[in-house]
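Visitor: I would like a close look at one part of this model, the surroundings of a bound molecule. Please keep to the geometry and state the cut-offs.

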Amino acid sequence: MKICVIGTGYVGLVGAAVFAEFGHNVIGVDNNAKKIELIKKGKMPIYEPGLEELVAKNVKNGKLEFTTDFDRAVKKSEVIFVCVGTPSNQSGAADLSYVWSVAKSIAKSMNSYKVVVIKSTVPVGTNEEVERIILANVAKGIKFDMVSCPEFLREGYSIYDSFNADRVVIGGKTQKAIDIIKKIYAKLDCPFIECDLRSAEMIKYAANAFLATKISFINEIAQICERAGSDVVKVAEGMGYDKRIGKAFLKAGLGYGGSCFPKDVEALYRTSTDQAYDFRLLRGVMDVNEAQRTNFISKVKRVLGGSVGGKTIGCLGLAFKENTDDVRKSVSIDVVRLLRGEGAKVKVFDPIAMESSKKELGEVGIQYCREPQEVFEGVEALCILTEWEEFKAYDYAKWGKLMTKKIVFDGRNLLDPKSMEKLGFKYYGVGRGSNGWSLASTGAIFDQKHHQ
Ligand code: UDX
Ligand code: UDX
């Protein structure tokens, strides 16, 4: 199959490489000439494990090419995947301006029957609007079909997720178009969900909103655990073995960030109000998520005697989650900002996301450390903000000696409280009320002893 992928961001670049690996002939198009130049040189504009090798392999065997020549790419292809960004606008709704302009351009370049597939996350009704735009701009007699095929990959695991998809959702008006997309994904051994355009669009939002709800739910449980003297990690484990609940997405912490969850939850809420319905649960999900970071800062301040002003705090992790250099809507970045705003001097380290973080945070009040152990030197507390696996393997016994005070605030419950306490650290996780401390032990809430 001849495929063109418009937009070579996380979704488009990975998608293009994966389609080529499936055996199709793929052209990746982007209007950012620098990005295309970089990719052509074999350098990836994003950090994604396994991507560089997959792109190199398929470019070499002639299955994959990259260009800024939109017109040629569309003309040569039978199927066009739209993977341009759909950021939030000021009101929280999805900004679809890229989608509209790409739709117009596709229409003008179309010279024969094409299937136009929207992969970007777009609100219900967008595919139909794109269809109207193309119809209004395409040359007479040229036919096309719309398909909504949302992407479910996780950053940092996108190659793995692409080859091990849980399902492929294919929404369309004609069986002909749905069958073409099924052919593209034929190598995958997973259910194909065939449906109408509007249901496919909704599936993506509902799935992301449900996962965000799971995170906010466990974060609320964590808050109660801190007060009641329970350990949220054990609670989540105990809940997760129930197959109806499942283990995934029950990690309490600082809350969800990234380019998808915050934006998609907000956009779905907007969709509900646009339909004159108040999606109350989602309001709660967003509130809880915001509160997690301020609760964390309050905890740090309380333990450090009421304020962080003038104190030096070390922070490990800046990316919105592990295995990525993406800092879009990163809660870790927000926490660093809040600490700085409270007057702390902040030392930071991230295994991959240092450069992208500099662009977000600037230089004022932040010391960017080259090595992780530098973060420990002379700090009054260490905050773990992103769930990088490698943080577990650090030499806390040795590096802890470099700290002014051995206090750890583990915003991702990454470390073992008991081992840290054995090393002489005061350890504060999120919702770990039964591990030698609780909000009660910081004097903030009722005395735990009354409840034993
Ligand atoms: C994707 C989806 O598109 C988004 O809807 C989903 O919710 C998250 O993932 P992502 O791949 O992360 O977005 O976006 P981004 O990394 O911003 O990439 C979009 C690419 O499209 C960029 O490379 C940009 O240069 C390109 N683009 C944008 C075009 O080629 N043409 C345009 O008109 C606009
Ligand atoms: C998400 C969806 O998982 C994916 O299906 C969709 O296509 C895009 O959005 P992504 O944003 O890459 O993927 O990251 P994900 O692994 O889902 O994590 C999102 C955020 O939730 C991160 O900030 C992470 O730290 C947080 N998270 C995740 C938790 O706080 N607890 C958890 O248990 C899981």
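Which domains give residues to the shell around ligand 1, and where does that place the ligand?

Guide: Domain 1 (2-195) and domain 2 (208-439) both contribute residues to that shell, so ligand 1 lies between them. The domain bounds come from an automatic or database domain assignment. This is a predicted model, in which local features need pLDDT of at least 70 and side-chain atom pairs count only at pLDDT 80 or more, while totals for chains, interfaces and linings use all residues. Residues are numbered from 1 along each chain as its sequence is written, chains are lettered from A and ligands numbered from 1 in the order in which they are written, and side-chain values use heavy atoms, with hydrogens and water left out.

The shell of ligand 1 holds 20 residues, the closest being Asp30, Lys35, Val84, Thr86 and Lys263; a residue is counted if one of its heavy atoms lies within 4 Å of the ligand. By class there are seven nonpolar, nine polar and four charged residues (Ala, Val, Leu, Ile, Met, Phe, Trp, Tyr, Cys and Pro are nonpolar, Asp, Glu, Lys and Arg charged, and the others, Gly among them, polar). Helices H1 (10-21) and H5 (97-109) supply at least two shell residues each; helices here are DSSP runs of H or I with at least four residues, numbered from the N terminus.

Oxygen atoms of ligand 1 make polar contacts, that is, pairs of N or O atoms within 3.5 Å. One is 2.5 Å from a side-chain N or O atom of Asp30. At Val84 the partner is a backbone N or O atom, 2.6 Å from a ligand oxygen. At Asn31 a polar backbone atom lies 3.1 Å from an oxygen of ligand 1. Taken alone, ligand 1 exposes 690 Å², and the protein buries 87% of that (accessible areas by the Shrake-Rupley method with a 1.4 Å probe).

As for the two domains themselves, their C-alpha centres lie 34 Å apart. Contact, defined by heavy atoms within 4.5 Å, links 17 residues of domain 1 with 16 residues of domain 2. About 1,400 Å² is buried between the domains, and carbon and sulfur atoms give 47% of this area; the figure is the accessible area (1.4 Å probe) that the two parts lose on being put together, summed over both. Of the area that domain 1 buries against domain 2, 38% is supplied by Tyr47, Glu155 and Tyr157, more than by any other three residues.

Glu155 also appears at the other ligand: it is listed with Phe152, Leu153, Lys251 and Glu387 as the closest of the 20 residues surrounding ligand 2. Both domains give residues to the shell around ligand 2, so ligand 2 lies between them. That shell has nine nonpolar, three polar and eight charged residues. Helix H9 (residues 197-228) provides its largest share, three residues. For ligand 2, an oxygen atom is 2.9 Å from a polar backbone atom of Phe320, and the distance from a ligand oxygen to a side-chain N or O atom of Arg412 is 3.4 Å. Ligand 2 on its own exposes 660 Å², of which the protein buries 92%.

Terms used. Polar contact = N/O pair within 3.5 Å; in protein donor to acceptor, adjacent residues only side chain to side chain.
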